Amino acid sequence: MTTLPLPPSLAATLPGRYYTDPELFRTEQERIFERMWCCAVRSADLDRAGAFRTVRIGRESVLITRSRSGALKAFLNVCRHRGARLCTEEQGQVRRNLQCPYHAWTYDLDGRLIAAPNLVSMPDVDRSAYGLVEVALREWLGYAWVCLADAPPSFEETVVGAAVERLGDAAAIDRYRTADLALGRRITYDVRANWKLIVENFMECYHCATIHPELTDVLPEFADGLAAQYYVGHGAAFGEDVSGFTVDGSAGFGTLPEVAPDQDRRYYAITVKPTVFVNLVPDHVILHRMFPLAEDHTSVVCDWLYAPDVVASGADVSKSVELFHRVNAQDFAACERTQPAMASRAYRDGGVLVPSEHHIGIFHQWLREQLG
Ligand code: FES
Ligand SMILES: [Fe+2]
């Protein structure tokens, strides 16, 4: 392959190995997913004491529980005795305590070791030293975000800051009251692609005219390929004849009560690195959380969130869900089409970005900084 100098209109992408190399993925797990705040679970999914979920963050299994005090707690899902996985299910409910299935060490919902066979005959053992290893947890937008780092980065700067930087206003996202919304639909996508292909795809709209006919019908400016999400404060306007953010442009569910007039009839997309996309439309919020499983495999959980009375009334959300479900399916098919080619010698030195994708270079620069 001969590599020509790039003309000024084009910028370089990352080389193909960034999407295929298991060693590089391991470094990303260590330096990105195990150091940054990652969105783990929806808080309301843990609706009572003893409810738990397990999620994969970096190379760790993280156990999140609702404790008796009502607070959410996160722990490494590892028994302190001989290291058995404490909870093997993705979700469940315990009555009082968490008991290891191997030798029955028992922890309360705050992670304290409270019982173990023969423990009373070992008075020299300080139980408080053998509790579950706690992980930092913060709640925002109705989700529990966890960070495996011993000294987590500022949540305000790295997570909330992404929304403020994108929307240009700290109050703008608060007006959707995302934490008070109810879950209308959840779809989990098993995507056979590297997580960065999914992020890069979300950051550009050069592909919108080609693969998203329903979305560009609702948001005509997306047909021009502009990455509206990268102009601070700009939301893509609904087409004049569009009533709602639905698959056929029919009416949705009005406007969430605090959404400002200048936010109405607009779509805003926010990328919260490394693994979250937040999509704001007048009557609902769509939140994607990604769980990178391997260099070529990512699980994406997408929640559609509506005003509680919409969900409680049993209203049919299918036209509303269908729009972004199609967008997701179209996007992930494009990522899966790209993934195998990352290993081709044609992509050894990478590809190119056209001007409307140049901001993806900022993501690549950020990534390289993280990887050192
Ligand atoms: S490994 Fe958990 S009790 Fe032994
Ligand atoms: Fe897309």
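## Exercises on a predicted model

Trp140 is buried, its relative accessible area being 14%. The structure here is a predicted model, and the exercises below walk through it step by step.

**Exercise 1. Classify the aromatic pair formed by Trp140 and Trp145.**

Solution. Begin with the total: the ring-pair rule gives 16 aromatic pairs. In the pair of Trp140 and Trp145, the centres are 5.9 Å apart and the planes make an angle of 50 degrees. Stacked needs under 30 degrees and edge-to-face over 60, so the pair is tilted. As for burial, Trp145 is buried, with a relative accessible area of 0%.

**Exercise 2. Check the length of helix α7 against the expected span.**

Solution. Helix α7 covers residues 318-338, which makes 21 residues. At 1.5 Å a residue, counting one less than the number of residues, the helix should span 30 Å. The C-alpha atoms at its ends are 30 Å apart, so the two values agree. Now look at burial along α7: its buried residues include Phe324, Asp331 and Cys335. Phe324 also belongs to a cluster of ring pairs, together with Phe222, Phe238, Phe245 and Tyr267.

**Exercise 3. Work out the arrangement of donors around the iron ion (ligand 2).**

Solution. First, list the protein donors: NE2 of His207, NE2 of His212 and two OD atoms of Asp331, at 2.0 to 2.7 Å from the ion. Next, take the angles: the 4 donor atoms subtend 53 to 144 degrees. A tetrahedral label would need all angles between 85 and 135 degrees, and the arrangement counts as irregular. Then turn to the sequence, where the donor residues follow the spacing H-x4-H-x118-D. His212, in the loop between α4 (208-211) and α5 (213-218), and Asp331, in helix α7, are 119 residues apart and link distant parts of the chain. Finally, check burial: His212 is buried at 1% relative accessible area, and Asp331 is buried at 7%.

**Exercise 4. Describe the salt bridge between Arg59 and Glu34, and place each residue.**

Solution. The structure holds 19 salt bridges. In this one, the side chains meet at 2.7 Å, N to O. Arg59 sits in the loop between β3 (51-57) and β4 (60-66), and Glu34 in the loop between α1 (22-33) and β2 (38-42), 25 residues apart. Arg59 is partly exposed at 39% relative accessibility, whereas Glu34 is buried at 13%.

**Exercise 5. Which parts of the chain does the pair of Lys73 and Glu134 tie together?**

Solution. Their side chains form a salt bridge of 3.7 Å, N to O. Lys73 lies in strand β5 (residues 72-76) and Glu134 in strand β10 (residues 134-140), so the pair joins parts 61 residues apart in sequence. Glu134 is partly exposed, at 47%.

Methods:
Residues numbered from 1 in each chain as written. Chains lettered and ligands numbered in written order. Predicted model: local features only at pLDDT ≥ 70, side-chain atom pairs only at ≥ 80, totals over all residues. Heavy atoms only, no water. Helix = DSSP H or I, 4+ residues; strand = E, 2+ residues; numbered from the N terminus. Buried < 20%, exposed > 50% of the residue type's maximum accessible area, 1.4 Å probe, protein only. Donors = N, O, S within 2.8 Å, 3.2 Å for Na, K, Ca; no water. Tetrahedral: all angles 85-135°; square planar, octahedral: opposite > 155°, others 65-115°. Phe/Tyr/Trp six-rings, centres within 6.5 Å; stacked < 30°, edge-to-face > 60°. Salt bridge = Lys/Arg side-chain N within 4 Å of Asp/Glu carboxyl O.
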